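Reader: Before I set up any calculation, I would like to go through this structure with you, one question at a time.

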Amino acid sequence: MRKIYLNNTLRSQAKQILLEKVDFTPKKETIPVTAALGRVTAEALFAECSMPSYPASAMDGITVKAQETYGANDQNPLVLTEGKNYLVVDTGDPIPEGFDAVIKIEDVQPIGENQVEIMAPAAPWQHVRPVGEDVVAGEIIVPAFHYLTPPDLGAILAGGKEQIKVLAKPKVTIIPTGDELVTPGTRAKVGEIIEFNGTVIANYLRQWGAEPYLHEIVRDKLRNLKQAVEEALPHSDVVIINAGSSAGREDFTVHVIESMGEVLVHGIATRPGKPTILGIIEGKPVIGLPGYPVSAYLALDWFVKPLIYKYLHLAEPQRPRLKAKLGRRIVSEMGSEEFVRMTVGFINGNYVANPLNRGAGVTMSLVKAHGLLTIPAESLGYEQGEEVEIELLRPEQELKNTLVAVGSHDLTLDLLATALRRIDPRLFLSSSHVGSMGGMMAIKKGEAHLAGVHLFDSQTGEYNIPYLEKYLGGENVILVNLVYRMQGWMVSPGNPLDIRNVRDIVRTRALFINRQKGAGTRLLFDYLLQQEGISTSEILGYHREEYSHLNVAAAVAAGTAQVGLGILSAARAYHLDFVPVGEERYDLLMTRDFYHSSLGQTLLQVIKDPVFQQEVETLGGYSMRDAGKVMYGYV
Ligand SMILES: Nc1nc2c(c(=O)[nH]1)N[C@H]1C(S)=C(S)[C@@H](COP(=O)(O)OP(=O)(O)OC[C@H]3O[C@@H](n4cnc5c(N)ncnc54)[C@H](O)[C@@H]3O)O[C@H]1N2
Ligand code: MOO
């Protein structure tokens, strides 16, 4: 039963195999025009009546007989009498029998009760909308297989139709499977995962014009899964089974398809997305999507999206692309096409792209992504600085209005993101945590707008400035304070090992969790060790690294570490005990150009905003006494 070997079919080839095999006969339905937005016409629509259906006044004014107005000019104004020479009309009114032109009210001088004067003649049919100016009876309004937009609906109604025939939405049943899955809203215990792929898949399908049906969770039993597919097939155009696509003991998807129909492809030469299954049962496509969220959504895009567009007889829309400079080197394995979620920032007039977490289980990489980078199967990756093409997942305008923060992690940055949007809804903040040194280098290389830094220099007792001078020559940069924050030991509630200082960590053989190299917090830890003459080899877990305060706190809370160094707000977020070590300065580093840019000035405005400052102080362990103050550099 256990199938281990998957093929390595090229993605393009797999798509072709699937599309060639599937031959949809779309169903049709008649619906009210008012509810037809985004639907696809099943037949060409012709106007049944004209709009307007009578000659109509195009202006507010008077309707006249053109030939009676000849000769009127400034010197010889012509007097007209109501009822005899003219009638008052408003825009849209029918032009009565015998009349053939309209004069705007502005060009008419009233004289007495029912007489007016005009200074210019009217040309025949001036300011009169002819019959069928908008829609003329018998004309085609939209062809068949047309995607209906709001103005289309207006023209169809004007053309006298109230009901129209459209293609039925393709019905797609999504079957989530897995013994570990629990329905959303359940508090997941160890070993349980909240079923959320189904909702993501259903909503993508809806966006593409399909009608999704999310089946209840099916347990990992061949019999149950088979039954679910059997039941789904009669009322579905496509069936999706999510998970159980790989080689595990309970991965039955391929066996279900095999026993009921034909497996066209199992295994695509992509990363993520490799264990995707493309099958066909009773002429209907049955797709096995991998369980890992990112894999599932990508495979959905590659194989199910084209099926929906094929059913609806529409061309698949292509996402816009742009060229960007790569901020970091990306290494990829040969043999499979790789899809990397990227952030893209617009810095000093250039687009700079950086990779997000590449794990197939990291949904947040798609939440944060601005675009996707495809690394071809025959490539080993790209070098830093190389120009790459990014497929955009967000509007380009949004990238232009995104503040790119690269550097040390602090929870206040998350509040800053909200505060920015409160002040200006066009603005976004994208922050990635690579430590203070990494942030400083990103500013140097022009890959970020600002970097959060907190680098303690043990020689001078000063923060950040000695490093700036050493690594950046101190030129063309401005250092602005954001906060002072309390660093300390994060330990389980009650501090069971009674840790007060680094000596206690060694004495109790407490399992430590460190921050990555280049993180200011790690430098602080090294400094504390050095002060006590303790070597790193005496610290259990010194080489285990996490990238943020919250991740360190999460490790302590989960019991995979007993102590970590970090900020009070992170300890609080995980209900940990906190033993203060000392206050440190956390600054924002930026170029002088950025400081003076409008984005930079908005940032400073936000930092000084009392509402934002109040929110930060509520987190605990922060002081904003110097927030917004320039600590270094000529403004
Ligand atoms: N020995 C091998 N192991 C694995 C391979 C392999 O080739 N050899 N491939 C790996 C890759 S790549 C992927 S992708 C996964 C795909 O596995 P399955 O499709 O069988 O999925 P599961 O193992 O059931 O789940 C994986 C992961 O995703 C979570 N999941 C599943 N369904 C949902 C859902 N509806 N909502 C949210 N999360 C879901 C699930 O709990 C697991 O954590 O296999 C690797 N292993
Ligand atoms: O192929 Mo899996 O989908 O890499 O994660």
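The questions below turn to the domains, the two ligands, a salt bridge and some backbone features of this predicted model.

Reader: Which domains is the protein chain divided into, and how far apart are the centres of domain 2 and domain 3?

Author: The chain is divided into domain 1 (11-25 + 170-311), domain 2 (28-52 + 133-167), domain 3 (56-129), domain 4 (318-394) and domain 5 (437-632). Taken over C-alpha atoms, the centres of domain 2 and domain 3 are separated by 37 Å.

Reader: Which side chain offers a polar atom 2.8 Å from a nitrogen atom of ligand 1?

Author: Ligand 1 is surrounded by 18 residues, and Glu-180, Glu-195, Ser-245, Ser-246 and Gly-291 are the closest. Asn-242 places a polar side-chain atom 3.3 Å from a nitrogen atom of the ligand, while a backbone N or O atom of Gly-244 lies 3.3 Å from an oxygen atom of ligand 1. The side chain at 2.8 Å from a ligand nitrogen is that of Glu-195.

Reader: Where does ligand 2 sit, and which residue has a side-chain N or O atom 2.4 Å from one of its oxygen atoms?

Author: Ligand 2 sits in the second largest pocket, and the shell around this ligand divides into four nonpolar residues, two polar and one charged. From the backbone, a polar atom of Gly-273 is 2.5 Å from an oxygen atom of ligand 2, and an N or O atom of Lys-274 lies 2.7 Å from a ligand oxygen. The side-chain contact at 2.4 Å comes from Ser-295.

Reader: Which peptide bond leading into a residue around ligand 2 is cis?

Author: Pro-272 is one of the residues around ligand 2, and its place is in the loop between strand 19 (270-271) and strand 20 (277-281). Most peptide bonds are trans. With omega near -5 degrees, the cis bond in question runs from Arg-271 to Pro-272.

Reader: How many residues apart are Glu-337 and Arg-11, whose side chains meet in a salt bridge?

Author: The side chains of Glu-337 and Arg-11 meet with an N to O distance of 2.9 Å. Glu-337 belongs to strand 24 (residues 337-347) and Arg-11 to helix 1 (residues 11-21), so that the pair links distant parts of the chain, with a separation of 326 residues.

Reader: What is the approximate phi of Asn-464?

Author: Asn-464 is placed in the loop between strand 33 (462-463) and helix 11 (465-472). Most residues other than glycine have a negative phi. For Asn-464 phi is positive, near 65 degrees.

Notes. Residues numbered from 1 in each chain as written. Chains lettered and ligands numbered in written order. Predicted model: local features only at pLDDT ≥ 70, side-chain atom pairs only at ≥ 80, totals over all residues. Heavy atoms only, no water. Domains from an automatic or database assignment. Near = heavy atom within 4 Å. Polar contact = N/O pair within 3.5 Å; in protein donor to acceptor, adjacent residues only side chain to side chain. 1 Å grid on protein atoms, 1.4 Å probe; cavity = no way out; pocket = protein on both sides within 12 Å on 5 of 7 lines; lining within 4 Å. Sits in = over half its atoms within 2 Å of the grid points. Nonpolar A, V, L, I, M, F, W, Y, C, P; charged D, E, K, R; others polar. Salt bridge = Lys/Arg side-chain N within 4 Å of Asp/Glu carboxyl O. Helix = DSSP H or I, 4+ residues; strand = E, 2+ residues; numbered from the N terminus.
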